[in-house]
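Let's walk through a fold together, one question at a time. Please keep the viewer open while you read.

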Amino acid sequence: MRHGTLLTEIGLGAAQLGNLYRETTEAEVDESVDTAWDGGVRYFDTAPHYGLGLSERRLGARLASRPRDEFVISTKVGRVPEP
């Protein structure tokens with residue numbers, strides 16, 4: 001019997017979903033997450049620091065309609081984002 005979390009070999013780092021180096025449009029976010037998903041990516045990494053939570057909110061919205069048992073999200077704790 002197997003236990004543990006299964007991860008894909010490649011994940012999507014979602015810092016840019018929080019407008020890391022430039023503003024990212026909602027259409028670009030949709031395309032990024034859809035392309036990753038269609039390519040078999042099921043591991044997504046984000047953090048509250050990316051856009052003061054924008055990356056987490058955007059990623060969560062795009063994954064909300066997908067089967068929850070088919071993907072893994074990691075995020076970070078320990079920093080309190082302030083505008």
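The questions below go from the overall fold to single residues.

Q: How far can the model be trusted, and what is the mean pLDDT of the protein?
A: This is a predicted model, in which local features need pLDDT of at least 70 and side-chain atom pairs count only at pLDDT 80 or more, while totals for chains, interfaces and linings use all residues. Residues are numbered from 1 along each chain as its sequence is written, and side-chain values use heavy atoms, with hydrogens and water left out. On pLDDT (the predictor's confidence in each residue, from 0 to 100), 87% of the residues reach 70 or more, and the mean is 90.

Q: Which element has the highest mean pLDDT?
A: Elements here are DSSP runs numbered from the N terminus: helices (H or I, at least four residues) and strands (E, at least two). Strand 3 has the lowest mean pLDDT among them, 94, and the highest, 98, belongs to helix 1.

Q: What pattern does the protein follow along the sequence?
A: The protein has two helices and three strands. Read in sequence order, they give β-α-β-α-β.

Q: What percentage of the residues count as buried?
A: Buried means under 20% relative accessible area, exposed means over 50%, and partly exposed lies in between (1.4 Å probe, protein chains only). Of the 83 residues in the protein, the buried portion is 31%.

Q: Among contacts between residues at least 6 apart in sequence, what percentage join residues at least 24 apart?
A: A contact means heavy atoms within 4.5 Å. Among contacts between residues at least 6 apart in sequence, the portion that joins residues at least 24 apart is 78%.

Q: Which element gives the largest share of the largest nonpolar core?
A: A nonpolar core is a set of buried Ala, Val, Leu, Ile, Met, Phe, Trp, Tyr and Cys residues joined through side-chain atoms within 4.5 Å. The largest one here has twelve residues, among them Leu 12, Val 33, Trp 37, Phe 44, Leu 59 and Phe 71. Helix 1 and helix 2 are the elements that give two or more residues to this core. The largest share, four residues, comes from helix 1.

Q: Why do the buried residues of helix 2 line one face, and within what arc do they fall?
A: Helix 2 covers residues 54-63, and its buried residues are Leu 54, Ser 55, Arg 58, Leu 59, Arg 62 and Leu 63. Take the directions from the helix axis to the C-beta atoms. Seen down that axis, the buried residues line one face of helix 2 because they fall within an arc of 150°.

Q: What covers the buried residues of helix 2, and which residues does Leu 59 touch?
A: The cover over the buried residues of helix 2 includes helix 1 (26-38), strand 2 (43-45) and strand 3 (72-74). Leaving out residues up to four places away in sequence, Leu 59 touches Ala 14, Leu 17, Val 33, Phe 44, Thr 46 and Ile 73.

Q: How many residues apart in sequence are Arg 58 and Glu 26?
A: Their side chains meet in a salt bridge at 2.9 Å, N to O; the term requires a side-chain nitrogen of Lys or Arg within 4 Å of a carboxyl oxygen of Asp or Glu. Arg 58 is in helix 2 and Glu 26 in helix 1, so the pair ties together parts whose separation in sequence is 32 residues.

Q: Is Arg 62 buried or exposed, and which residues are linked in a network of salt bridges?
A: Arg 62 counts as buried, at 13% relative accessibility, while its salt-bridge partner Asp 30 is partly exposed at 32%. The closest approach in that pair is 2.6 Å, N to O. The salt-bridge network links Glu 26, Asp 30, Arg 58 and Arg 62.

Q: Where is Leu 52, a residue other than glycine with a positive phi?
A: Phi of Leu 52 is near 50°, and its relative accessibility of 41% makes this residue partly exposed. Asn 19 also has a positive phi, about 65°, although it is not a glycine, and Asn 19 is placed in the loop between strand 1 (12-13) and helix 1. Leu 52 lies in the loop between strand 2 and helix 2.
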